[in-house]
Amino acid sequence: MQTSIAHPVLSVEGVSFAYGAHRVLDDVGLQVAPGEFTALVGPNGAGKSTLLRIVLGLLAPQEGRVEVFGVSPLRRPDRWRLGYVPQRPRLAPDLPATVDEVVAAGRLAKQGWWRRTRAVDRDAIGHALESVALESLRTHRVGELSGGQQQRVLIAKALATEPELLILDEPIAGIDAQAQRLFRDSLVHLVREHGSAVLLVSHELGAVAEDLDRVVVLRRRVLFDGKPRELADAGVSLGVHADDLPRWLEELSENGGA
(Lines give C-alpha, C1' and ligand atoms only; values in the text may rest on other atoms or scores of the structure.)
Protein backbone atom coordinates (compact mmCIF):
# COMPACT_ATOMS: atom_id res chain seq x y z
CA MET A 1 0.00 0.00 0.00
CA GLN A 2 1.29 3.45 -0.91
CA THR A 3 2.17 5.67 2.02
CA SER A 4 0.21 8.96 2.09
CA ILE A 5 2.27 12.00 3.13
CA ALA A 6 0.92 15.52 3.69
CA HIS A 7 3.77 17.50 2.14
CA PRO A 8 6.14 15.13 0.34
CA VAL A 9 9.41 16.25 -1.23
CA LEU A 10 8.76 13.62 -3.91
CA SER A 11 5.37 12.46 -5.14
CA VAL A 12 4.82 9.85 -7.87
CA GLU A 13 1.18 9.21 -8.77
CA GLY A 14 -0.10 6.65 -11.26
CA VAL A 15 3.03 6.74 -13.41
CA SER A 16 3.22 4.39 -16.39
CA PHE A 17 5.83 4.21 -19.12
CA ALA A 18 6.60 1.92 -22.05
CA TYR A 19 9.38 1.61 -24.59
CA GLY A 20 7.34 0.74 -27.65
CA ALA A 21 5.25 -2.29 -26.75
CA HIS A 22 7.38 -3.06 -23.67
CA ARG A 23 5.73 -1.62 -20.55
CA VAL A 24 8.30 -1.02 -17.83
CA LEU A 25 6.22 1.00 -15.32
CA ASP A 26 2.57 0.32 -14.57
CA ASP A 27 0.58 2.71 -12.33
CA VAL A 28 3.53 3.36 -10.00
CA GLY A 29 2.90 5.45 -6.93
CA LEU A 30 5.22 6.42 -4.08
CA GLN A 31 5.96 9.39 -1.87
CA VAL A 32 8.98 10.48 0.15
CA ALA A 33 8.59 12.76 3.15
CA PRO A 34 11.07 15.39 4.38
CA GLY A 35 13.68 13.76 6.59
CA GLU A 36 12.77 10.25 5.47
CA PHE A 37 15.33 7.58 4.54
CA THR A 38 13.76 5.37 1.85
CA ALA A 39 15.26 2.50 -0.16
CA LEU A 40 13.98 1.57 -3.62
CA VAL A 41 14.79 -2.02 -4.55
CA GLY A 42 13.89 -4.48 -7.26
CA PRO A 43 15.50 -6.99 -9.63
CA ASN A 44 17.25 -5.99 -12.83
CA GLY A 45 14.73 -4.77 -15.38
CA ALA A 46 12.21 -3.79 -12.69
CA GLY A 47 11.92 -0.22 -14.00
CA LYS A 48 14.03 1.51 -11.34
CA SER A 49 16.27 3.35 -13.81
CA THR A 50 13.30 4.52 -15.89
CA LEU A 51 11.55 5.76 -12.76
CA LEU A 52 14.65 7.69 -11.69
CA ARG A 53 14.92 9.32 -15.13
CA ILE A 54 11.30 10.45 -14.83
CA VAL A 55 11.85 11.78 -11.31
CA LEU A 56 14.93 13.70 -12.50
CA GLY A 57 13.02 15.23 -15.42
CA LEU A 58 14.97 13.36 -18.09
CA LEU A 59 11.82 11.57 -19.26
CA ALA A 60 8.18 12.61 -19.15
CA PRO A 61 5.70 10.05 -17.81
CA GLN A 62 3.28 8.74 -20.42
CA GLU A 63 0.61 8.49 -17.75
CA GLY A 64 0.40 9.92 -14.26
CA ARG A 65 2.40 12.73 -12.74
CA VAL A 66 5.54 13.41 -10.70
CA GLU A 67 6.23 16.36 -8.43
CA VAL A 68 9.50 17.28 -6.74
CA PHE A 69 9.03 19.94 -4.04
CA GLY A 70 5.51 20.42 -5.34
CA VAL A 71 6.36 21.10 -8.99
CA SER A 72 7.05 19.00 -12.07
CA PRO A 73 10.73 18.03 -12.40
CA LEU A 74 10.46 19.20 -16.02
CA ARG A 75 10.28 22.74 -14.62
CA ARG A 76 13.71 22.34 -13.03
CA PRO A 77 13.29 23.36 -9.37
CA ASP A 78 16.29 24.94 -7.61
CA ARG A 79 19.02 22.50 -8.52
CA TRP A 80 20.76 22.51 -5.15
CA ARG A 81 17.59 21.24 -3.49
CA LEU A 82 17.85 17.95 -5.39
CA GLY A 83 21.09 15.97 -5.22
CA TYR A 84 21.77 13.00 -7.49
CA VAL A 85 24.59 10.47 -7.63
CA PRO A 86 24.50 8.24 -10.74
CA GLN A 87 25.39 4.57 -10.76
CA ARG A 88 28.56 5.09 -12.77
CA PRO A 89 30.78 8.17 -12.57
CA ARG A 90 31.02 10.25 -15.73
CA LEU A 91 33.95 12.51 -15.00
CA ALA A 92 36.02 13.45 -18.04
CA PRO A 93 39.43 11.71 -17.88
CA ASP A 94 41.21 14.97 -18.79
CA LEU A 95 39.29 17.11 -16.30
CA PRO A 96 41.93 19.36 -14.68
CA ALA A 97 39.97 19.92 -11.47
CA THR A 98 41.11 18.50 -8.15
CA VAL A 99 38.98 16.43 -5.81
CA ASP A 100 38.59 19.44 -3.53
CA GLU A 101 37.45 21.66 -6.42
CA VAL A 102 34.85 19.18 -7.65
CA VAL A 103 33.39 18.73 -4.17
CA ALA A 104 33.45 22.50 -3.59
CA ALA A 105 31.41 22.94 -6.77
CA GLY A 106 28.56 21.29 -4.91
CA ARG A 107 28.40 24.33 -2.63
CA LEU A 108 28.28 26.83 -5.52
CA ALA A 109 24.82 25.71 -6.57
CA LYS A 110 23.58 26.48 -3.06
CA GLN A 111 25.50 29.61 -2.09
CA GLY A 112 25.84 31.20 -5.56
CA TRP A 113 29.05 31.43 -7.56
CA TRP A 114 29.45 35.15 -6.77
CA ARG A 115 29.80 34.65 -3.02
CA ARG A 116 33.00 33.97 -1.19
CA THR A 117 33.51 30.58 0.40
CA ARG A 118 32.51 30.85 4.04
CA ALA A 119 33.49 28.82 7.08
CA VAL A 120 30.21 26.89 6.87
CA ASP A 121 31.02 25.97 3.26
CA ARG A 122 34.52 24.81 4.16
CA ASP A 123 33.10 22.74 7.01
CA ALA A 124 30.56 21.10 4.68
CA ILE A 125 33.24 20.32 2.10
CA GLY A 126 35.57 18.88 4.72
CA HIS A 127 32.81 16.77 6.26
CA ALA A 128 31.80 15.45 2.84
CA LEU A 129 35.39 14.45 2.01
CA GLU A 130 35.78 12.79 5.39
CA SER A 131 32.50 10.93 4.88
CA VAL A 132 33.89 9.07 1.87
CA ALA A 133 37.51 8.81 3.10
CA LEU A 134 38.98 11.18 0.51
CA GLU A 135 40.77 13.72 2.73
CA SER A 136 44.19 12.39 1.70
CA LEU A 137 43.33 12.75 -2.00
CA ARG A 138 41.74 16.20 -1.95
CA THR A 139 44.59 17.81 -3.95
CA HIS A 140 44.70 15.04 -6.58
CA ARG A 141 43.17 15.57 -9.99
CA VAL A 142 40.05 13.51 -10.44
CA GLY A 143 41.38 12.05 -13.71
CA GLU A 144 44.08 10.30 -11.70
CA LEU A 145 41.58 8.41 -9.56
CA SER A 146 40.09 4.95 -9.98
CA GLY A 147 36.44 4.49 -10.94
CA GLY A 148 35.48 3.71 -7.34
CA GLN A 149 37.30 6.81 -6.07
CA GLN A 150 35.59 8.98 -8.67
CA GLN A 151 32.26 7.60 -7.49
CA ARG A 152 33.15 8.70 -3.98
CA VAL A 153 33.99 12.19 -5.29
CA LEU A 154 30.49 12.48 -6.76
CA ILE A 155 28.96 11.27 -3.49
CA ALA A 156 30.98 13.88 -1.58
CA LYS A 157 29.91 16.62 -4.00
CA ALA A 158 26.25 15.73 -3.45
CA LEU A 159 26.69 15.59 0.34
CA ALA A 160 28.45 18.97 0.42
CA THR A 161 25.41 20.57 -1.19
CA GLU A 162 23.24 19.40 1.73
CA PRO A 163 20.23 18.92 -0.58
CA GLU A 164 16.67 18.62 0.63
CA LEU A 165 16.32 15.41 -1.37
CA LEU A 166 19.27 13.18 -2.22
CA ILE A 167 18.81 10.39 -4.77
CA LEU A 168 21.55 7.77 -5.07
CA ASP A 169 21.67 5.03 -7.70
CA GLU A 170 23.79 2.05 -6.55
CA PRO A 171 26.24 4.41 -4.83
CA ILE A 172 28.34 1.82 -2.98
CA ALA A 173 29.23 -0.35 -5.97
CA GLY A 174 33.01 -0.74 -5.93
CA ILE A 175 33.41 0.95 -2.53
CA ASP A 176 35.27 -0.87 0.25
CA ALA A 177 33.74 -1.74 3.62
CA GLN A 178 35.34 1.16 5.51
CA ALA A 179 34.08 3.69 2.97
CA GLN A 180 30.63 2.08 3.15
CA ARG A 181 30.51 2.64 6.92
CA LEU A 182 31.53 6.27 6.53
CA PHE A 183 28.98 6.66 3.73
CA ARG A 184 26.27 5.28 6.01
CA ASP A 185 27.23 7.72 8.75
CA SER A 186 27.11 10.64 6.32
CA LEU A 187 23.60 9.72 5.13
CA VAL A 188 22.34 9.40 8.69
CA HIS A 189 23.91 12.80 9.49
CA LEU A 190 22.22 14.35 6.44
CA VAL A 191 18.83 12.99 7.47
CA ARG A 192 19.02 13.66 11.21
CA GLU A 193 20.97 16.92 11.32
CA HIS A 194 19.73 18.63 8.14
CA GLY A 195 16.30 17.05 7.78
CA SER A 196 17.10 15.91 4.25
CA ALA A 197 15.23 13.09 2.56
CA VAL A 198 17.20 10.25 0.98
CA LEU A 199 16.04 7.89 -1.76
CA LEU A 200 18.59 5.08 -2.09
CA VAL A 201 18.50 2.62 -4.99
CA SER A 202 20.72 -0.35 -4.22
CA HIS A 203 21.12 -4.13 -4.32
CA GLU A 204 23.08 -3.93 -1.06
CA LEU A 205 21.32 -2.47 1.95
CA GLY A 206 23.32 -4.16 4.69
CA ALA A 207 25.24 -1.00 5.59
CA VAL A 208 22.06 1.05 6.13
CA ALA A 209 19.45 -1.60 7.00
CA GLU A 210 19.00 -0.42 10.60
CA ASP A 211 18.62 3.22 9.56
CA LEU A 212 15.96 2.91 6.85
CA ASP A 213 12.48 4.27 7.47
CA ARG A 214 10.88 2.54 4.46
CA VAL A 215 11.60 0.06 1.71
CA VAL A 216 9.78 0.23 -1.63
CA VAL A 217 9.95 -2.86 -3.84
CA LEU A 218 9.41 -2.22 -7.53
CA ARG A 219 8.88 -4.63 -10.37
CA ARG A 220 7.02 -2.65 -13.00
CA ARG A 221 4.61 -1.67 -10.24
CA VAL A 222 5.06 -1.20 -6.50
CA LEU A 223 4.74 -4.59 -4.83
CA PHE A 224 5.70 -3.54 -1.33
CA ASP A 225 5.91 -0.22 0.50
CA GLY A 226 6.53 -0.47 4.20
CA LYS A 227 8.89 -0.81 7.13
CA PRO A 228 12.11 -2.78 6.64
CA ARG A 229 11.12 -5.24 9.37
CA GLU A 230 7.97 -6.17 7.46
CA LEU A 231 10.05 -7.06 4.43
CA ALA A 232 12.56 -8.99 6.52
CA ASP A 233 9.70 -10.92 8.14
CA ALA A 234 8.60 -11.92 4.63
CA GLY A 235 11.96 -13.64 4.16
CA VAL A 236 13.87 -10.99 2.21
CA SER A 237 17.35 -10.10 3.39
CA LEU A 238 18.30 -6.42 3.57
CA GLY A 239 21.87 -7.36 2.78
CA VAL A 240 22.65 -8.60 -0.72
CA HIS A 241 19.23 -9.49 -2.08
CA ALA A 242 20.17 -10.39 -5.65
CA ASP A 243 18.80 -13.93 -5.16
CA ASP A 244 16.14 -13.91 -2.47
CA LEU A 245 14.32 -10.79 -3.68
CA PRO A 246 13.49 -12.21 -7.14
CA ARG A 247 12.32 -15.47 -5.54
CA TRP A 248 10.11 -13.58 -3.11
CA LEU A 249 8.70 -11.47 -5.94
CA GLU A 250 7.79 -14.58 -7.89
CA GLU A 251 5.94 -15.97 -4.88
CA LEU A 252 4.22 -12.64 -4.32
CA SER A 253 3.09 -12.46 -7.96
CA GLU A 254 1.76 -16.01 -7.84
CA ASN A 255 -0.33 -15.05 -4.80
CA GLY A 256 -1.82 -12.05 -6.53
CA GLY A 257 0.63 -9.32 -5.61
CA ALA A 258 0.61 -6.81 -2.75
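**Figure 1. Phe69 is a buried residue, with a relative accessible area of 14%.** Burial here means a relative accessible area under 20%, exposed means over 50%, and partly exposed covers the range in between, all computed with a 1.4 Å probe on protein chains only. The view shows a predicted model, in which local features need pLDDT of at least 70 and side-chain atom pairs count only at pLDDT 80 or more, while totals for chains, interfaces and linings use all residues. Residues are numbered from 1 along each chain as its sequence is written, and side-chain values use heavy atoms, with hydrogens and water left out. Phe69 sits in the loop between β4 and β5, and its phi is near 55 degrees, a positive value in a residue other than glycine. Strands, like helices, are DSSP runs numbered from the N terminus, with E runs of at least two residues counted as strands and H or I runs of at least four as helices.

**Figure 2. Arg220, in another loop, also has a positive phi.** This residue lies between β8 (214-219) and β9 (221-226), and its phi is near 70 degrees although Arg220 is not a glycine. In contrast to the buried Phe69, Arg220 is partly exposed, with a relative accessible area of 39%.

**Figure 3. An open antiparallel sheet is built from three strands in the order β2-β1-β4.** Two strands are taken as paired if DSSP finds at least two bridges between them. Because β2 (22-32) and β4 (63-68) stand at the edges with a single partner strand each, one side of each is left without a neighbour in the sheet. Neighbouring strands are turned by 25 degrees against each other on average, with direction ignored; the axes behind such angles are lines fitted to C-alpha atoms, for helices over the stretch in contact, and angles run from 0 to 180 degrees between N-to-C directions. Strand β1 (residues 10-19) is joined to β2 by seven bridges in the antiparallel sense, and within this pairing Phe17 has Leu25 of β2 as its bridge partner.

**Figure 4. Helix α1 (residues 48-55) packs on the sheet of β1, β2 and β4.** The helix touches β1, β2 and β4, and its direction makes about 120 degrees with that of β1, where contact means heavy atoms within 4.5 Å. Six of the eight residues of α1 are buried, namely Lys48, Thr50, Leu51, Leu52, Ile54 and Val55. Just after the helix, Gly57 takes a positive phi of about 80 degrees.

**Figure 5. Strand β6 (residues 165-169) is covered on both faces.** Five of its five residues are buried: Leu165, Ile167 and Asp169 lie on one side, and Leu166 and Leu168 on the other. Strand β5 (residues 82-85) pairs with β6 in the parallel sense over four bridges, whereas five bridges join β6 to β7 (residues 197-201), again in the parallel sense. Ile167 takes part in both pairings, standing opposite Tyr84 and having Leu199 as its bridge partner in β7.

**Figure 6. One cavity of 30 Å³ or more is found in a search of the whole structure.** A cavity is a set of points, on a 1 Å grid over the protein atoms alone, where a 1.4 Å probe fits but cannot get out, and its lining residues have an atom within 4 Å of a point. The volume of the largest cavity is about 40 Å³, taken as the space filled by probe spheres set on the points, with grid points joined across faces, edges and corners. Its lining consists of Pro171, Ile172, Phe183, Leu200, Ser202, Glu204, Ala207 and Val208. By class, six of these residues are nonpolar, one is polar and one is charged, with Ala, Val, Leu, Ile, Met, Phe, Trp, Tyr, Cys and Pro counted as nonpolar, Asp, Glu, Lys and Arg as charged, and the others, Gly among them, as polar.

**Figure 7. Glu130, in helix α3 (residues 119-131), is shown with its surroundings.** Glu130 is partly exposed, with a relative accessible area of 45%. Leaving aside residues up to four places away in sequence, Glu130 touches Glu135 and Leu182. Phe183, one of the residues lining the largest cavity, is 53 residues from Glu130 along the chain, and the C-alpha atoms of the two are separated by 9.3 Å.

**Figure 8. The whole protein, with seven helices and nine strands, gives the setting for the close-up views.** Of its 258 residues, 50% count as buried. Among contacts with a separation of 6 or more, 69% come from residues 24 or more positions apart.

Terms used: 1 Å grid on protein atoms, 1.4 Å probe; cavity = no way out; pocket = protein on both sides within 12 Å on 5 of 7 lines; lining within 4 Å.
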